[in-house]
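Student: Could you take me through one part of this model in detail? I would like to look closely at the place where the two protein chains meet.

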2 protein chains.
Amino acid sequence: MKITSRFTVAVHSLLAIYVLGKEYKMTSDLIASSVNVNPVVIRRTLSSLKAAGIIDVKAGSGGATPVKSADDITLYDIYKAVDCIEGNLFNFHENPNPECPVGKNIHAVLDSHLKDAQAALENELKSVTLADLMKQLNILI
Amino acid sequence: MKITSRFTVAVHSLLAIYVLGKEYKMTSDLIASSVNVNPVVIRRTLSSLKAAGIIDVKAGSGGATPVKSADDITLYDIYKAVDCIEGNLFNFHENPNPECPVGKNIHAVLDSHLKDAQAALENELKSVTLADLMKQLNILI
DNA sequence: TTTGTTGTAATGTCAACGGTTACATCAAAA
DNA sequence: TTTTGATGTAACCGTTGACATTACAACAAA
């Protein structure tokens, strides 16, 4: 099972908005053509990013614009904004048998390690900012 | 999106086999009653763990038994054995537009960071062995 | 040969994702 | 004020993967 592509779509959209936004009006249609998904998917993504205070989206006249500084946006912020995962990354089987010594204690034994693993992933995402990606991108353009 | 409960089911099953195996014949029915899932789910799980060389399962007479030492089994080994994730943890949107400067370079910019995040998760899982869990469990029993 | 178990195919249900259509709402230009 | 081009969102569909369950062949030991 994988983490939804909403995440990479969101990162892609933000890069487009922050890098190309000075030159073009960044409509959902334009972004959709860069990401290559349906415009409605982009609108849903932008809606989440707007709710997270990362960008602003103008209804009516159209176009998405930056709100937060790219230095202050980490991959983790984006990942959280688009809700890839609610709560725990690892699914746990429900109702282990409390009559069994293993079933009774499986959560006590396993939960902290699962949390640690998830935290390791998320900390790594926290260490990369949108500004970092923009620097890498500007070298390639 | 979450990582399938096959993983926690597998860990639970192994703990049962390694801790209770001296006292009981660990059939899929018995393990199933501890984990509280259908016995066929356990048989599939045990089948994966057997293929990974972690346990042995006797067809006919029945019962699962340890093969590898608990010290040599990490959570990562189990996670790999039951195939929670094939390849990349993060789904990437297909076919970003190569005509667009962002679309053309999004993989170059993003891939390494996604790999790093996944590696952080997996390294954390590598740092915990089944023996560690057994120690914790034996204190609680 | 009987018994209890594993291995596995087949089928069903369910949830999540992503695609798409449709349309109300809105802001700015004409 | 009307037109135009966007956004916001609800609704629905098809696909996919997970997990549950039934069924039964294969098997090993009593």
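Tutor: Here is a walk through the contact between the chains, followed by the surfaces beside the DNA.

This is a predicted model, in which local features need pLDDT of at least 70 and side-chain atom pairs count only at pLDDT 80 or more, while totals for chains, interfaces and linings use all residues. Residues are numbered from 1 along each chain as its sequence is written, and chains are lettered from A and ligands numbered from 1 in the order in which they are written.

Let's begin with the symmetry. A turn of 180 degrees with a shift of 0.0 Å along the axis lays chain B on chain A with an RMSD of 0.1 Å (the superposition is by least squares on C-alpha atoms of residues with pLDDT of at least 70 in both copies). The two copies are thus related as by a two-fold rotation axis. Both use the same surface, since 100% of the contact residues of chain B recur in chain A; residues are in contact if their C-beta atoms, placed from the backbone, lie within 7 Å.

Now the contact itself: chain B contributes 53 residues and chain A contributes 53 residues. On the side of chain B that touches chain A, α1, α2, α5 (101-126) and α6 (130-140) each supply at least two residues. Helices here are DSSP runs of H or I with at least four residues, numbered from the N terminus. The largest share of that side, 16 residues, comes from α5(B). By class, the side of chain B has 34 nonpolar, 16 polar and 3 charged residues (Ala, Val, Leu, Ile, Met, Phe, Trp, Tyr, Cys and Pro count as nonpolar, Asp, Glu, Lys and Arg as charged, and the others, Gly among them, as polar).

For a close look at one helix pair across the contact, take α5 (residues 101-126) of chain A and α1 (residues 6-20) of chain B, which pack at about 120 degrees with their axes 11 Å apart. Axes are lines fitted to C-alpha atoms, for helices over the stretch in contact, and angles run from 0 to 180 degrees between N-to-C directions. That makes α5(A) oblique to α1(B) (under 35 degrees counts as roughly parallel, over 145 as roughly antiparallel, 65 to 115 as roughly perpendicular and the rest as oblique). From α5(A), V102(A), I106(A) and L110(A) meet residues of α1(B) including V11(B), L15(B) and V19(B). This contact of α5(A) with α1(B) has 8 nonpolar, 2 polar and no charged residues.

Within chain A, α1 (residues 6-20) and α6 (residues 130-140) cross at roughly 65 degrees, and their axes come within 11 Å. α1(A) and α6(A) are therefore roughly perpendicular to each other. L14(A), L15(A), Y18(A) and V19(A) of α1(A) make the contact with L130(A), L133(A), M134(A) and L137(A) of α6(A). Its residues divide into 8 nonpolar, no polar and no charged.

Finally, the DNA. Around strand C there are 26 residues, with S5(A), V40(A), G60(A), S28(B) and G62(B) the closest; a residue is near a strand if its C-beta atom, placed from the backbone, lies within 6 Å of it. α3(B) gives the most to this surface, with 5 residues. Strand D has 25 residues around it, and S28(A), G62(A), S5(B), V40(B) and G60(B) come nearest. Here α3(A) gives the most, with 5 residues.

Definitions and conventions: Two residues are in contact if their C-beta atoms, placed from the backbone, lie within 7 Å.
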